[in-house]
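Here is a friendly note to read with the model open beside you. Please look up each residue as you go along.

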Amino acid sequence: MSNNEKQHLNLPFTGICTFGKYPVCPDLDQLDADVAVIGVPNDMGTQWKSGARMGPRGIREGSTLYSFGLDGAYDIENDITYLGPKWKVVDCGDVDMVHGDMLQSHDNTEEAIRKIVSKGAMPVVLGGDHSITIPVGKGLGELGPFHVIQIDAHLDWADHRSGMRVGHGSCIRRLSEMNHVQKIFQLGIRGISSSKKEDVDAAREYGSVILSPRQMRKMGFEQVLELIPAGEKYYITMDIDGLDPSIAPATGTPSPGGLLYDEVNELLHGIAKRGEVIGFDMVEVATPYDHTGITGQVAARLSLDLLSYVLKEKEKNQAAISDHQEQNFIKKH
C-alpha cells in the first residue's frame, strides 16, 4: 500500500483524548454544532468520597474505545448505524472551576449551559458530582417546560445537609423548585439510609414517581416507560451509582442492588422514542477509584448510546417532515 493509500485509523490510544474523539470547540462563542459535550469537574458537593472532579477526564478516556473513526457506529443487534457524519458533535472542554467556591462554580456552569442552548446545540454534560445538575437545570430554563428523568441509587431530595442546600444530595429537590420543571421520575432508587423519610414524603407530595430496580423489574420496563408522558420534553440525569457497583464500582457512594447495563440501555432507548430529549448529564464517576477503567467505559458507553438514540429519532422526524413536504408539493403541482 502506497503512502497516498494509507488510512488514518484514529485508534483509541492515539491523538487528543476528547469525548468520542470528536473535534474540539474550546470557545463557546464560536460554537456551531448539533451537540456540545462539556465537562463540569466539580465535586465540592460530595458528602462521602470525593474524586468525581476527575470524572470528565475518565469518561472521555473510556469513550475512546468506542470511537474508531467518525463515520458512524454500527449496531449489530438492531442493524442500524448511529452517529453518522450528518451530525456535528464537538467537545467544548470543561467549565472553569474556582476551587473552594461552590456558588461561583455553579454560576459558571449555568452560564455555559445557557450559552450552549442559545447556540442551538444539545448539551451533553459530564460530571462532576450530582450537585452540578442544579446549575445545568437552571441553564436549560429557556427550553422548558420539561420533565426530569433521574437514574440513580439515591433520591437526592434533601432540603439541606448541615446548611448546604446545593450539594449532591439536594439536586433533585432544587430542580423541583424550578418553574420550568414539571414531573420527575426517579428510577433505580434503593438502599437503607438512602434518604430520610421526610425527604421521601416531600418527594411524593411533589408528585415524584419513585421506583427501585426490583419494582421496575416486577412491572416490566415497557410499563415503566408508559408512566412518562409521551410526546413531551425530557431532561435525563444519570448518576453512575444507579447501576450496580459490580458493573460501575468507581463512584463515591456505591449501593448494591442496582440496575444492569442492558436495563439502562433499554430505558434510554425507550425514552428517546417517547419524546424529545433536550439534554442529559452523566455524573458521579469517581475516576481515582476506577483502577480498571470499566466505570468510565460504562459511563461513556451509556452516554454514546443515549446520544445515538436521540439523534436517530431526530433523523426519523426530519425525514418524515421532508416526505410530508414533498407529498404536499406533488399534490399542488
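1. Let's start with a ring that is not fully hidden. Tyrosine 206 has a relative accessibility of 31%, so this residue counts as partly exposed. Keep in mind that you are looking at a predicted model.

2. What about the partner of this ring? The centres of the tryptophan 157 and tyrosine 206 rings are 5.5 Å apart, and because their planes meet at 55°, the pair is called tilted. Tryptophan 157 has a relative accessibility of 2%, so this residue counts as buried.

3. Now find both residues along the chain. Tryptophan 157 belongs to the loop between β6 (146-151) and α4 (171-176), while tyrosine 206 belongs to helix α5 (residues 197-206). With these positions 49 residues apart, the pair links distant parts of the chain.

4. How many aromatic pairs does the structure hold? There are three. One of them joins tyrosine 82 and tyrosine 309: the ring centres are 5.6 Å apart and the planes stand at 80°, which is over 60 degrees, so the pair is edge-to-face.

5. This tyrosine pair also links distant parts of the chain, 227 residues apart: tyrosine 82 is in strand β3 (residues 80-82), and tyrosine 309 is in helix α9 (residues 294-332). Are these two buried or exposed? Tyrosine 82 is buried, at 4% relative accessible area, and tyrosine 309 is buried too, at 7%.

6. Finally, take a look at charges over rings. Arginine 301 has its charged end over the ring of tyrosine 66, 5.4 Å from the centre. Lysine 86 lies over the face of tryptophan 87, and here the distance to the ring centre is 5.2 Å.

Note on methods: Residues are numbered from 1 along each chain as its sequence is written. This is a predicted model: local features need pLDDT of at least 70, side-chain atom pairs count only at pLDDT 80 or more; totals for chains, interfaces and linings use all residues. Side-chain values use heavy atoms; hydrogens and water are left out. Rings of Phe, Tyr and Trp (its six-membered ring) pair if their centres lie within 6.5 Å; planes under 30 degrees apart count as stacked, over 60 as edge-to-face and the rest as tilted. Helices (H or I, at least four residues) and strands (E, at least two) are DSSP runs, numbered from the N terminus. Buried means under 20% relative accessible area, exposed over 50%, partly exposed in between (1.4 Å probe, protein chains only). A charge sits over a ring if NZ of Lys or CZ of Arg is within 6 Å of the ring centre and within 35 degrees of the ring normal.
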